[in-house]
Amino acid sequence: MRTARWAMEVFVTRRIPAAGLRALSEAGGCTVQQWDSNEPVPRAELLAGVAGKQGLLCLLSDRIDKEVLDAAGSGLKVISTMSVGFDHLALHEIKKRGIRVGYTPDVLTDATAELSVALLLATCRRLPESVEEVKNGGWTTWKPLWMCGYGLSDSIVGILGLGRIGQAVARRLKPFGVKKFLYAGSHPKPEIAAEFQAEFVPITRLAEESDFIVVTCALTPETQGICNKDFFCRMKKNSVFINTSRGAVVNQEDLYNALVNGQIAAAGLDVTTPEPLPTDHPLLSLKNCAYREPKCNPCLLKKGLGSTIHHRRTFSLQTSRMEGIWGSAYRGCSAFVE
């Protein structure tokens, strides 16, 4: 028989798959209030919904700052986020209040790695651009140099951030005949890198020598805007840039200029700042976005698809609820931020 100390009121900030919500509701003693919409909860509704709650389950798009914590009150004990990252949480303020934070660090590794490889292949082989040409009548006959892209065989792949996702990306790219892997980050990881015979290099050398660059690092004060004008100027003119980490890692104006001026060949983006981009954003005018008449080198934009696999979303929800809220509040778990 559960005692009163297990009773918990939880606010959920979005409509979620039934399996995840059921796991939380059946956890024992939990009363769930949900913002029942696919769209982000309005700020006023978030502040009202969290008031007096002991648990909060949020998404990456929800900014959990001092204002939200004040609205919740001193009874808030745990925050669980349905995400790998937690840069949307005011961790310093949260820690001051003794609130525990649950997240799902390894749930989406495979899904995001697969999306990273899909983005890379689609971008370097100009697949969306080619499909658009078929649709608009641009394909008239076979032409030796028409729609030529770049292949992975015998290439150098640079990975910025050899964490879980970076490793999973390298593991999937290795069978394509990649000649060499380079990686950059805060420190070398020789035991991990040995699987791919990857070489730890400064970020400047990563930019200069890589044919393909895949960004999978975490967003930190050190990595914010790290892919900037200097970075793109160092890249090869026929190189391809892929970002599936966080939009703020990239200076988007510098990326746009690099694409327009032919400093790099192409870019594939799963994340942007903001999300979604305004419809008149310059990046959306680039060739592989298929929004306007193509004018320059291809940039393929995919809106936050790294986790869009049904069973992964459901598993992420169940994990973030059971382990993030129930577990980290009362019995501890492996997926929480200290």
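Which residue stands opposite Val214 in β9? I opened the notebook with that one, and I found Ile159 standing opposite Val214. A reminder to myself before going on: this is a predicted model.

**Entry 1: strand β6**

I started from β6, which covers residues 156–160. I asked which way the side chains point, and found Ile156, Gly158 and Leu160 on one side of β6, with Val157 and Ile159 on the other. I then looked up burial: 5 of the 5 residues of β6 are buried, so this strand is largely enclosed by the rest of the structure.

Next I looked up the partners of β6. I found β6 pairing with β9 in the parallel sense over 4 bridges. I also found β6 pairing with β7 (residues 180–184), again in the parallel sense, over 5 bridges. Val157 turned out to be a handy marker here, as Val157 stands opposite Phe181 in β7 and has Phe212 as its bridge partner in β9.

**Entry 2: helix α7**

I followed the chain between β6 and β7 and met helix α7, residues 164–173. I noted that β6, α7 and β7 together make a β-α-β unit, and that the unit is right-handed.

How many of the 10 residues of α7 are buried? I got 7 of the 10, so α7 is largely enclosed by the rest of the structure. I wrote down the buried ones: Ile165, Gly166, Gln167, Ala168, Val169, Ala170 and Leu173. I then checked what covers those residues, and the cover includes α5, β6, β7, α8 and β9.

**Entry 3: strand β9 and its other neighbour**

I moved on to β9, residues 212–215. I saw Phe212 and Val214 pointing one way and Ile213 and Val215 the other way, with all of them buried.

Besides β6, I looked for β10 (residues 240–243), and found β9 and β10 paired in the parallel sense over 4 bridges. For a landmark, I noted that Val215 has Asn243 as its bridge partner in β10. Here too I found a helix in the connection: β9, helix α10 (residues 229–234) and β10 make a right-handed β-α-β unit.

**Entry 4: rings and a charge**

I ran through the aromatic rings, and a search of the whole structure gave 6 aromatic pairs. I picked Phe231 and Phe241, an edge-to-face pair with 6.2 Å centre to centre and 70 degrees between the planes. Why does this pair tie together parts that are 10 residues apart in sequence? Phe231 lies in helix α10 and Phe241 lies in strand β10, so the ring pair links those two parts. I checked both rings for burial, and both Phe231 and Phe241 are buried. Ring pairs also bring in Phe232, which joins Phe231 and Phe241 in a cluster.

While on rings, I looked at Trp146 and found the charged end of Lys143 sitting over its ring, 5.0 Å from the ring centre.

**Entry 5: backbone oddities**

I looked for cis peptide bonds and wrote down two places. Thr273 and Pro274 are joined by a cis bond with omega about -5 degrees. Glu275 and Pro276 are joined by a cis bond too, and omega is again about -5 degrees. I placed Pro274 in the loop between β11 (266–269) and β12 (299–301), and Pro276 is in the loop between β11 and β12 as well.

I then looked for positive phi values outside glycine. Arg126 has phi near 60 degrees, and I found Arg126 in the loop between α5 (109–124) and α6 (127–136). Gln197 has a positive phi of about 50 degrees, and I found Gln197 in the loop between α8 (190–193) and β8 (199–200).

Are these two buried or exposed? Arg126 comes out at 19% relative accessibility, so Arg126 counts as buried, if just under the 20% cut-off. Gln197 comes out at 69% relative accessibility, so Gln197 counts as exposed.

Note on methods
Residues numbered from 1 in each chain as written. Predicted model: local features only at pLDDT ≥ 70, side-chain atom pairs only at ≥ 80, totals over all residues. Heavy atoms only, no water. Buried < 20%, exposed > 50% of the residue type's maximum accessible area, 1.4 Å probe, protein only. Pairing = 2+ DSSP bridges. Right-handed = clockwise from strand over helix to strand, strands pointing away. Phe/Tyr/Trp six-rings, centres within 6.5 Å; stacked < 30°, edge-to-face > 60°. Lys NZ or Arg CZ within 6 Å of the ring centre and 35° of its normal. Contact = heavy atoms within 4.5 Å.
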